[in-house]
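Hello! Here are a few notes for you to read alongside the coordinates. I hope they help you find your way around.

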Amino acid sequence: LYALAQELDPEGVKLALGVAERLPKKDRAMALDILIARWAELDAEGAKAWVMTTLGPLRGRQLRALIEALGRNDPANHLAFLKQIEASPDRGDFGYGDWFFGEWGAVDPLRAATAALELEHTTSRSSALGAAIAQWALTEPLAALRWVDELSDAEVRKNSRRVALRAWAETDGDQALAHVLAMPEGLERTATVQQVLNAASRSDPAAAKRMIDMLPAGQLRNAAVSVLVGSLAGNSPHEAADLMAMLPAEEQLGHHCSQIAAGIALANVEDAKRWAESLKSDKARNNAEAGIVYTLIRTDPEAATLYAAESPGHRTFDHAIRAWSEREPEAAYEWARTQRDEELRLGALRVTLPVMAKTQPASAAALAAELLQGEDRAQTYEQIGVAWANADARAAVEWAMDGALHGDTRPVKSLMTRWVKSDVAGVANWLGSLPS
């Protein structure tokens, strides 16, 4: 479609737009983007007028496509149009300056960055300036940084420097990091080191790992490793695991351990278990085990339950056995009933019986009466009642009324509330039939 659009003149674009507007929604949006961009190259004023009148003022991705194209084609002459849009109270949540100035910055970064500073809307100015500087730093990082250092506003200068260094890190992480390490020690240097490593990891994870060796041992290095672990955990869990080993036990972050273990478990559960066991911190190890359980739940909830049952504290056990119960209620219940560890058995029954109640409420209620006592029974009764009420509210209430004669009124109150919301007349008739 893009190749075809390049062959069209303005009249051909108009005809094609008429066709594009009749396409299914998912295809229409893409076609309009391409055609509007082509029109803006040929007849910018005509494209502006069509977008603003035909599609409505300041709406959506087609306006973005137009502005992006204007940023590539004589942007200085279209700056007033962009300012008009950015200053409009009807602009909504859309921001267009970064698209315009990103394109402009790719061809004339100095003029783009200078013009971005003149925008009145603070949010627009910040995103536009960042877009221009990021493009500049991809090809001339030192020139971009020298220009940034001349900015008078300290906050704008700090944010712009970070943008330039992040962009530089995507093309030459070693040089960008060396530049940052020459900064005075302090919070600003630490934060910028982390951002540079994070940016480098997106384009070259292996290079980002090598960059860690450039950092002196201590707090700065540990903070950088933590950021890099978080960046790699989702897509490169083995590399993130290698980095995690560099951290002291107290800094092995729990949520990253869970994500890493889950990623490794997708390929090989036993490898994930071995990695979890190697962690120095109990908290990190517990979180890694949780990640393994959540991965297993999706493919083998029985195995997830058995693994969770072996973990100290059984943090993820309820999630695992509930998933198993949903898939194989009788097998999960039978396993729960036969556990010798009392805490584990009671916890499993509190989960499996309410799940069983979705299809066999009377049986689940009878088993709860037989196998549970005290608060365990009361809590399970409430959940069984809810499951029962979803299928037959009257039967659930009558069962709860029988329990109320033995002193526990909580299920009755809960189930009556549910029933009356769905069938007021039925409740009234039932109440009228009761002995006084």
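The points below cover the core, two leucines and one loop residue.

1. First, a reminder that this is a predicted model. Its largest nonpolar core takes in 133 residues. The residues with the most contacts inside that core are L66, F101, I260, W275, W335 and L353. Helix α3, which spans residues 25–42, gives the most to this core, with eight residues.

2. You may like to zoom in on L353, listed among the residues with the most contacts inside the largest core. Setting aside neighbours within four places in sequence, L353 is in contact with Y333, A364, L367, A368, L372, T380 and I384.

3. Next, L296, found in helix α19 (residues 282–299). Is L296 buried or exposed? L296 has a relative accessibility of 8%, and because buried means under 20%, L296 counts as buried. Residues up to four places away in sequence not counted, L296 touches V269, P301, A303, A304 and Y307. Of the L296 and Y307 pair, we can add that the two are eleven residues apart in sequence, with their C-alpha atoms 9.2 Å apart in space.

4. Finally, please have a look at the backbone of D74. Phi of D74 is near 55°, a positive value in a residue other than glycine. Most residues other than glycine have a negative phi. D74 is placed in the loop between α5 (60–72) and α6 (75–87). The relative accessible area of D74 is 44%, so D74 is partly exposed, a class that lies between the cut-offs of 20% and 50%.

Methods: Residues numbered from 1 in each chain as written. Predicted model: local features only at pLDDT ≥ 70, side-chain atom pairs only at ≥ 80, totals over all residues. Heavy atoms only, no water. Core = buried A, V, L, I, M, F, W, Y, C linked by side-chain atoms within 4.5 Å. Buried < 20%, exposed > 50% of the residue type's maximum accessible area, 1.4 Å probe, protein only. Helix = DSSP H or I, 4+ residues; strand = E, 2+ residues; numbered from the N terminus. Contact = heavy atoms within 4.5 Å.
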